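Good morning, everyone, and thank you for making room for me today. I would like to walk through one structure slowly, going from the sheet to the cores and then to the ligand, so please keep the picture open as I talk.

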Amino acid sequence: MTTPQKIAVVTGSNRGLGYAISRKLSQIGISVILTSRNEIDGLAAKQQLSDEGLDVDYYLLDVTSDKSVQQFTEWLRETYGKVDILVNNAGVNPTTKPEESSLLTVQLETMRSTFETNVLAVLRISQALIPLMKVQNYGRIVNISTEMASLTSILSDYYPLAPSYRLSKLGVNGLTVLLGKELQGTNILVNAYSPGWMKTDMGGDNAPFTAEEGAETAVYLATLPDGGAQGQFFAEMRKFGGPIQLQW
Ligand SMILES: NC(=O)c1ccc[n+]([C@@H]2O[C@H](COP(=O)([O-])OP(=O)(O)OC[C@H]3O[C@@H](n4cnc5c(N)ncnc54)[C@H](OP(=O)(O)O)[C@@H]3O)[C@@H](O)[C@H]2O)c1
């Protein structure tokens, strides 16, 4: 079964940026599958969007689990027959304890678990869902990164060191470039962007911008026209008033 309406999957969309992206995509008529690793939180988030009259489906998805991603992919294939948009939003930033702020003291286990969620899970779900894009030669993949992870910003030392987070997002950036090259010649476009510092559980109350503002570039990249950007890195649109590419 295939359906003509655009289907978007947003990982970790029960709160924060993922929720804001789901809301914005629904508001422009895209059928969103909100996903979360905690069913109660996810169903509550879906209910909030449904109460606004938005078209949202829900599925329980832990992006770090092979089994969970496999079950989700099967369900998607049977229910929708395809996927048009994948937003790799789920992420962790464990840089809260002082020892995690330095490469000299950070626990390898912290590095491992951060890479598991922020990098390997992006690869896992991309590998699973790209076949459901290939069936129709259409796909838009949006990877959430951060300016803190560009080698340009690491070299400038402008941001405080957050090794597990920055290096994991550097991995996301590299993955975006390589995947973009592998997908060249197809109508599946993969790009990364930095949403800016946002008021979410991860960003904290002092952040200058909202998740809704951070979601703007995701919508832009999720709806790129055919022949649009491939394997590029974008800034948050709020900062520049439009889509601007960043230096890796
Ligand atoms: N906040 C910022 O200022 C900022 C800046 C730059 C980039 N980002 C990036 O933006 C993205 C969203 O961040 P946020 O600020 O919205 O963070 P957040 O409020 O902490 O939300 C993170 C989301 O990821 C989910 N998640 C974590 N591990 C998961 C897993 N294994 N499977 C499924 N979902 C999982 C969380 O689920 P639970 O509710 O179950 O924990 C939650 O829904 C992240 O990739 C982050 O690195 C954020």
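Let me begin with a term that we will need shortly: a crossover is called right-handed if, when the strands point away from the viewer, the path from the first strand over the helix to the second runs clockwise. Please also keep in mind that what you are looking at is a predicted model.

With that term in hand, look at strand 4, helix 4 and strand 5, which together make a right-handed β-α-β unit. Another crossover is found where the chain goes from strand 2 to strand 3, and to follow it we should start with the pairing: strand 2, residues 31–36, and strand 3 run parallel and are joined by 5 bridges, with Val32 standing opposite Val56 in strand 3. Between these two strands the chain passes through helix 2, residues 39–51, and this β-α-β crossover is right-handed too.

Now let us step back to the whole sheet. In what order do the strands of the open sheet lie? There are 7 strands, paired in parallel, and the order is 3-2-1-4-5-6-7. Strand 3 (56–60) and strand 7 (233–234) stand at the edges, and because each has a single partner strand, one side of each is left without a neighbour in the sheet.

Strand 5 deserves a longer look. On one side of it, strand 4 (residues 85–88) runs parallel to strand 5 and is joined to it by 4 bridges; within this pairing, Ile85 has Arg140 as its bridge partner, and Leu86 has Ile141. Strand 5 also pairs with strand 6 in the parallel sense, over 6 bridges, and here the bridge partner of Val142 is Asn191.

Is strand 5, then, buried or exposed? The strand covers residues 139–144, and 6 of its 6 residues are buried. As a general point, the side chains of a regular strand alternate between the two faces of the sheet. In strand 5, Gly139, Ile141 and Asn143 are on one side, Arg140, Val142 and Ile144 are on the other, and both sets are buried.

From the sheet we can move to the nonpolar cores. The largest has 28 residues, and those with the most contacts inside it are Val9, Ile33, Phe72, Leu76 and Leu129. Several elements give two or more residues to this core, including strand 1 (7–10), helix 3 (66–79) and helix 6 (163–182), while the largest share, 8 residues, comes from helix 4. Taking Val9 as an example, and leaving aside residues up to four places away in sequence, we find that Val9 touches Ile33, Phe72, Leu76 and Leu129, among others. Apart from this core lies another one of 24 residues, among them Ala8, Ile85, Val219 and Ala229.

Not every buried residue is nonpolar, and Asn173, which has its place in helix 6, counts as buried because its relative accessible area is 3%, under the 20% cut-off. Among the residues that Asn173 touches are Ser145, Ala192, Phe233 and Trp248.

Finally, which residues come nearest to the ligand? Of the 28 residues around the ligand, these are Asn14, Arg15, Arg37, Tyr165 and Thr200. A polar side-chain atom of Thr200 lies 2.5 Å from a ligand oxygen atom. The backbone takes part in such pairs as well, with a polar backbone atom of Met198 at 2.9 Å from an oxygen atom of the ligand, and a backbone N or O atom of Gly91 at 3.4 Å from one.

How values were computed:
Residues are numbered from 1 along each chain as its sequence is written. This is a predicted model: local features need pLDDT of at least 70, side-chain atom pairs count only at pLDDT 80 or more; totals for chains, interfaces and linings use all residues. Side-chain values use heavy atoms; hydrogens and water are left out. A nonpolar core is a set of buried Ala, Val, Leu, Ile, Met, Phe, Trp, Tyr and Cys residues joined through side-chain atoms within 4.5 Å. Buried means under 20% relative accessible area, exposed over 50%, partly exposed in between (1.4 Å probe, protein chains only). Contact means heavy atoms within 4.5 Å. Two strands pair if DSSP finds at least two bridges between them. A residue is near a molecule or strand if one of its heavy atoms lies within 4 Å of it. A polar contact is a pair of N or O atoms within 3.5 Å; within protein, one must be able to donate a hydrogen and the other to accept it, and residues adjacent in sequence count only if both atoms are side-chain atoms.
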